[in-house]
Amino acid sequence: MPALAIDFGTSNTAAAVMAGGRPHVIPLEEGQETLPTAIFLDFDARRTLVGHAAVRALIDGREGRFMRALKSVLGTSLMREKRQFLNERLTLIEIVGRFLARVKSESEAHCGMTFDRALSGRPVHFHPNPARDAQALADLSDCYAAAGFAGVEYLPEPEAAALASGGGDGLGLIVDIGGGTSDFTVFRRTGTKTDVMASHGIRLGGTNFDRTLSLAHVMPLFGKGTNLKAEMGPNTTEAPVSIFHDLATWATIPFLYNGATKRDVARMTKLAVEPEKFARLVEVLDMELGHDVAFAVERGKIAANGTEAQGVIDLREVEKGLSAMITKADLGAGLTSSADQIRAAAAETLAAASVDAAQIERIVFVGGSSLLGVVSDTMQDMLPKATPVFGAAFTGIVDGLAIAAQ
Ligand SMILES: Nc1ncnc2c1ncn2[C@@H]1O[C@H](COP(=O)(O)OP(=O)(O)OP(=O)(O)O)[C@@H](O)[C@H]1O
Ligand SMILES: [Mg+2]
């Protein structure tokens, strides 16, 4: 029996099997090829929701705990700490295990068979530090075990995308810019054969872009960059930045909802030169609106990247009438250093393959963040002779995993 192909993404997850000689993406939710990598522990109903159902529970303001982008936490000590969630003590390994268990059971129900093994994608590097990278993979394997898989094997995500990319003979570059990582593979296609020549990746993706935009456009409305008066004397100092950083980061938002953070913020609000801004921060923590804000930033980013002249970050959940704007120019300027890192990582991949930029015949873009103009323009500037191919942005990797699983 083949392994179930699973692309466990920072933002979205997909599963696939081969059917009639081609990859078949399994609808993990009715009519949907991908499942948001989101979990909601519902405290009233005492059950675990995943995907769109989890997002809906968040939007409806149900009592519980929402989590997204947990792939970014793999390899850190947070994964194995026991935490209290209403009547349960759980680690994040168990929580991600519940998510993957749903992927398994939905796939089994759809295919009418049992999957004991998984072939999972993995970023080329979860972390730049090798020990942490190895720990991330060990954590993910434990998550698959917790989900009930007897075994799991891995394929680097961009190498999977290369297998599914199609196209004629020649040299190609996969550019997979996802939610958490940017991954690259140089490959050579000869007939139906795909040879991987080199792969490389960095820890940078759409969730980092959301953080950059949130820190620039939203967190100042909540007090970032404003001053606090000293407890005694006339001096003022800038408010510490760490809370704003955590609130702007998808993966760390749930860890802010605790008494110690609320007390810190209450103290800052008393000392604030602009207390009305800190009052919004208090509201976000009290009402647990951190993810609502993150979703608003993500929507603003996608709108600014689209045909509109600017994107709106709608913050009415926090305060009636509150919003921020991202223009196309803001998006380009905010992501310049990210684009530079992506260009450098692609260049490193070419060097590892001993291939010149001019030899690459096509660039295959996958991953949701490859839809960002600043990303695709950067790559096309770097490889002006290559033909850009916009493949299946959200399913290219799981297609390749299904081919490899067979
Ligand atoms: N039209 C769009 N324009 C810009 N960004 C987009 C667009 N659509 C989705 N994104 C971004 O793409 C990211 C998700 O992409 P994807 O589903 O490929 O990531 P992932 O596979 O879950 O993550 P990773 O592979 O890094 O673990 C999100 O950050 C999302 O905001
Ligand atoms: Mg991905």
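# Helix contacts and the ligand 1 site

Ile93, Val96, Gly97 and Leu100 in α2 meet Asp139, Asp142, Cys143, Tyr144 and Ala146 in α3. Select those residues to begin; by class, this contact of α2 with α3 divides into six nonpolar, one polar and two charged residues. The model on screen is predicted.

Now show both helices in full: α2 covers residues 92-111 and α3 covers residues 130-146. Their axes are 7 Å apart, and the packing angle is about 55 degrees. Angles of 65 to 115 degrees count as roughly perpendicular, and the angle here makes α2 oblique to α3. The crossing of α2 and α3 is right-handed.

**Next stop: α5 and α9**

Select residues 206-217 for helix α5 and residues 290-305 for helix α9. The two axes cross at roughly 100 degrees and come within 9 Å, so α5 is roughly perpendicular to α9. On the α5 side, pick Gly206, Phe209, Asp210, Leu213 and Ser214; in α9, the residues that they meet are Val297, Glu298 and Lys301. Colour this set by class and the contact of α5 with α9 shows three nonpolar, two polar and three charged residues.

**Ligand 1**

Keep Glu298 selected, and add ligand 1. Glu298 is among the closest residues to ligand 1, together with Thr10, Ser11, Asn12 and Gly180. Ligand 1 is surrounded by 22 residues. Glu298 thus belongs to two views: in α9 it is part of the contact with α5, and it is also listed among the closest residues to ligand 1.

Three distances are worth displaying here:

- From the side chain of Thr10, an N or O atom is 2.6 Å from an oxygen atom of ligand 1.
- In Ser11 the atom to pick is a backbone N or O, 2.6 Å from an oxygen atom of ligand 1.
- For Thr181, a backbone N or O atom lies 2.9 Å from an oxygen atom of ligand 1.

**Last stop: α11 and α12**

Select residues 336-352, which form helix α11, and residues 373-382, which form helix α12. Here the axes are 10 Å apart and the helices pack at an angle of about 40 degrees. That angle makes α11 oblique to α12. The crossing of α11 and α12 is right-handed.

To see the contact, show the side chains of Ala339, Ile342, Arg343, Ala346, Ala347 and Leu350 in α11, then those of Val374, Val375, Thr378, Met379 and Met382 in α12, which they meet. The contact of α11 with α12 comprises nine nonpolar residues, one polar and one charged.

Technical notes. Residues are numbered from 1 along each chain as its sequence is written. Chains are lettered from A and ligands numbered from 1 in the order in which they are written. This is a predicted model: local features need pLDDT of at least 70, side-chain atom pairs count only at pLDDT 80 or more; totals for chains, interfaces and linings use all residues. Side-chain values use heavy atoms; hydrogens and water are left out. Axes are lines fitted to C-alpha atoms, for helices over the stretch in contact, and angles run from 0 to 180 degrees between N-to-C directions. Helices (H or I, at least four residues) and strands (E, at least two) are DSSP runs, numbered from the N terminus. Angles under 35 degrees count as roughly parallel, over 145 as roughly antiparallel, 65 to 115 as roughly perpendicular and the rest as oblique. A crossing is left-handed if the near helix is turned anticlockwise from the far one by less than a right angle, and right-handed if clockwise. Contact means heavy atoms within 4.5 Å. Ala, Val, Leu, Ile, Met, Phe, Trp, Tyr, Cys and Pro count as nonpolar, Asp, Glu, Lys and Arg as charged, and the others, Gly among them, as polar. A residue is near a molecule or strand if one of its heavy atoms lies within 4 Å of it. A polar contact is a pair of N or O atoms within 3.5 Å; within protein, one must be able to donate a hydrogen and the other to accept it, and residues adjacent in sequence count only if both atoms are side-chain atoms.
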